[in-house]
Amino acid sequence: MSAAPSVQPVPSPMVPGLRVGRAALAVSFLLQGTTFALLVTCIPEIQHRYGLSDGLLPVFLAAVPILAGVGSILSEQLVKRTGARAVLRVVQPAVCLSLAGAGLGGSLWQLALALGAFGLLVGALDASMNMLGVGLQHRYGRSIMIGFHAAFSLGGILGAGIAGLGSHYDLGLPVLFGTAGAVIAPLAVLTGTRFAGPAELGDAVREAAEAAARSIPWRPLLPLCLAMACAYIADASVSNYSVKYLTDGLGSREDLAKLSYLGYMVAMLLGRALGDRAVQRFGAVAVVRGGAALAALGFGLAALAPAAWAGIASFTVLGFGICAIIPQVFAAGGRLFPADSDAAVARLNLFNYVGFLIGSPLVGAIADASSYRWALLAPMLLVLAVLPLAERFAPAPVAAPAAA
């Protein structure tokens with residue numbers, strides 16, 4: 001769960017130390033991607049360790065984005081008092097420790113406590129990390145946020161790979177999560193010492209926050225908000241249930257099942273690397289339509305998959321489709337309000353959490369009532385709802401010159 005890039009950066013002269021701060025923040029995104037992937041790819045092991053029923057699992061999963069939203073709101077007040085850098089330095093190591101807690105407990109109340117802390121902290125982490133990124137982008141005077149989110153995808157690949165190795169060698173959650181927390185938390189502390197601060201950023205973070213707080217109308221953004229929610233419902237479905245579908249629905253080994261999320265994140269990373277060129281060549285409308293159709297195809301193929309290898313390939317196809325939609329939502333919002341693009345981005349990003357809040361319980365409830373094959377059809381239909389919204393992604397027509 002991470003916010004997407006702002007647009008329309010304000011040119012500013014380069015300041016010594018910005019490159020170091022940019023590299024440190026990219027490492028922070030990578031560590032967060034690794035931590036998040038470790039948690040979501042080990043959902044079957046968490047369920048087995050704590051005796052969590054299929055009916056109760058969606059409740060626990062839905063609580064995480066709810067608390068993340070609360071944490072994001074609370075972090076805004078903390079940032080006003082201490083700064084985004086100070087908040088990020090504290091919450092990122094704490095997120096790693098909450099991951100360790102999820103693996104070391106033995107009863108449901110301990111799991112609830114660990115996941116509750118993870119949700120609150122992740123919301124604060126997402127907000128402060130992206131505030132710092134927007135500040136850096138303003139100082140650079142050009143778009144650099146896409147690189148941070150590519151680092152998050154790379155971290156997701158790393159985390160899924162580590163989880164797969166942990167399952168293959170039967171390490172168990174205490175060893176896997178405990179070791180990950182013991183390694184990633186110190187790295188997060190060390191990385192935090194290199195974040196850009198007031199000397200490098202000046203008033204860039206405050207200026208970005210003020211721009212995001214400006215009042216803009218909701219109505220023009222609503223179709224884009226719907227597209228964002230549908231995309232993140234699909235993303236939440238993959239994050240929370242791709243591994244469980246392969247183990248419970250297709251009888252896969254747990255180490256092999258981790259490759260479903262790994263393939264999804266590899267596709268997301270490659271798609272983000274090539275997406276801008278596709279938009280330049282074919283246009284945003286065609287790319288969004290193609291992405292929605294490809295994502296729906298991925299869900300359909302996954303629902304029909306006869307074996308684990310087919311499920312892994314299906315989720316990889318799905319990743320190529322979803323990666324094309326989310327960045328274009330933010331780009332379209334920026335085009336609607338070029339003078340207040342940060343405010344548009346902030347509003348659209350709320351539907352990141354809406355998508356996660358709906359996606360996890362929806363798929364879990366349908367799977368509990370029938371099967372995971374039927375459950376995957378729900379996000380497939382919601383992704384198809386993006387197709388009639390694709391026209392909203394078209395750039396505004398250029399006005400013809402007035403006649404003499």
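# Close-up views of a predicted all-helix model

**View 1. Leu362 lies in helix 14.** Here helices are DSSP runs of H or I with at least four residues, strands are E runs of at least two, and both are numbered from the N terminus. Everything shown is a predicted model, where local features need pLDDT of at least 70 and side-chain atom pairs pLDDT 80 or more, while totals for chains, interfaces and linings use all residues. Residues are numbered from 1 along each chain as its sequence is written, and side-chain values use heavy atoms, with hydrogens and water left out. With a relative accessibility of 26%, Leu362 falls into the partly exposed class (buried is under 20% relative accessible area, exposed is over 50% and partly exposed is in between, using a 1.4 Å probe and protein chains only). Setting aside residues up to four places away in sequence, Leu362 touches Ala378 and Leu382 (contact means heavy atoms within 4.5 Å). Its C-alpha atom sits 9.6 Å from that of Ala62, even though 300 residues of chain separate Leu362 and Ala62.

**View 2. Zooming out, the protein chain has 16 helices and zero strands.** Of the 404 residues in the chain, 55% are buried. Long-range contacts show up clearly in the count: among contacts between residues at least 6 apart in sequence, 88% join residues at least 24 apart.

**View 3. This one looks into the largest cavity, at about 190 Å³.** Searching the whole structure turns up three cavities of 30 Å³ or more. A cavity is a set of points on a 1 Å grid over the protein atoms alone where a 1.4 Å probe fits but cannot get out, and lining residues have an atom within 4 Å of a point. Grid points are joined across faces, edges and corners, and the volume is the space filled by probe spheres set on them. Of the 18 lining residues of the largest cavity, Leu39, Ile43, Leu61, Val64 and Asn240 come closest to its centre. Helix 1 (18-41), helix 2 (43-50), helix 3 (57-82), helix 5 (108-140) and helix 14 (341-369) each give two or more residues to this lining, with the largest share, five residues, coming from helix 3. By type, the lining has 16 nonpolar residues, two polar and no charged (nonpolar is Ala, Val, Leu, Ile, Met, Phe, Trp, Tyr, Cys and Pro; charged is Asp, Glu, Lys and Arg; the others, Gly included, are polar).

**View 4. Helix 3 meets helix 10 (residues 222-249), their axes coming within 12 Å and crossing at roughly 150°.** That crossing makes the two helices roughly antiparallel (under 35 degrees is roughly parallel, over 145 roughly antiparallel, 65 to 115 roughly perpendicular and the rest oblique). Axes are lines fitted to C-alpha atoms, for helices over the stretch in contact, with angles from 0 to 180 degrees between N-to-C directions. On the helix 3 side, look for Leu57, Pro58 and Leu61; helix 10 brings Asn240, Tyr241 and Lys244. That contact adds up to four nonpolar residues, one polar and one charged.

**View 5. Gly119, found in helix 5, is shown beside its contacts.** This glycine is buried, with 0% relative accessible area. Beyond residues up to four places away in sequence, Gly119 touches Val64, Leu67 and Ala68. The C-alpha atoms of Gly119 and Ala63 are 7.5 Å apart, and the two residues are 56 apart along the chain.

**View 6. Helix 2 is largely enclosed by the rest of the structure, since six of its eight residues are buried.** The buried ones are Ile43, Pro44, Glu45, Ile46, Gln47 and Tyr50. Just past the end of helix 2, Gly51 has a positive phi of about 65°. Helix 2 packs with helix 7 at an angle of about 125°, with axes 11 Å apart, so helix 2 and helix 7 are oblique to each other. Glu45, Ile46 and Arg49 of helix 2 make the contact with Leu173, Pro174 and Phe177 of helix 7. Four of these contact residues are nonpolar, none polar and two charged.

**View 7. Asp170 sits in the loop between helix 6 (145-168) and helix 7 (173-192).** Most residues other than glycine have a negative phi. Asp170, which is not a glycine, has a positive phi of about 55°. With a relative accessible area of 68%, Asp170 is exposed.

**View 8. Gln328 has its place in helix 13 (residues 308-336).** At 8% relative accessible area, Gln328 counts as buried. Its contacts, leaving out neighbours within four places in sequence, are Val279, Ala284, Val288 and Phe393.

How values were computed
1 Å grid on protein atoms, 1.4 Å probe; cavity = no way out; pocket = protein on both sides within 12 Å on 5 of 7 lines; lining within 4 Å.
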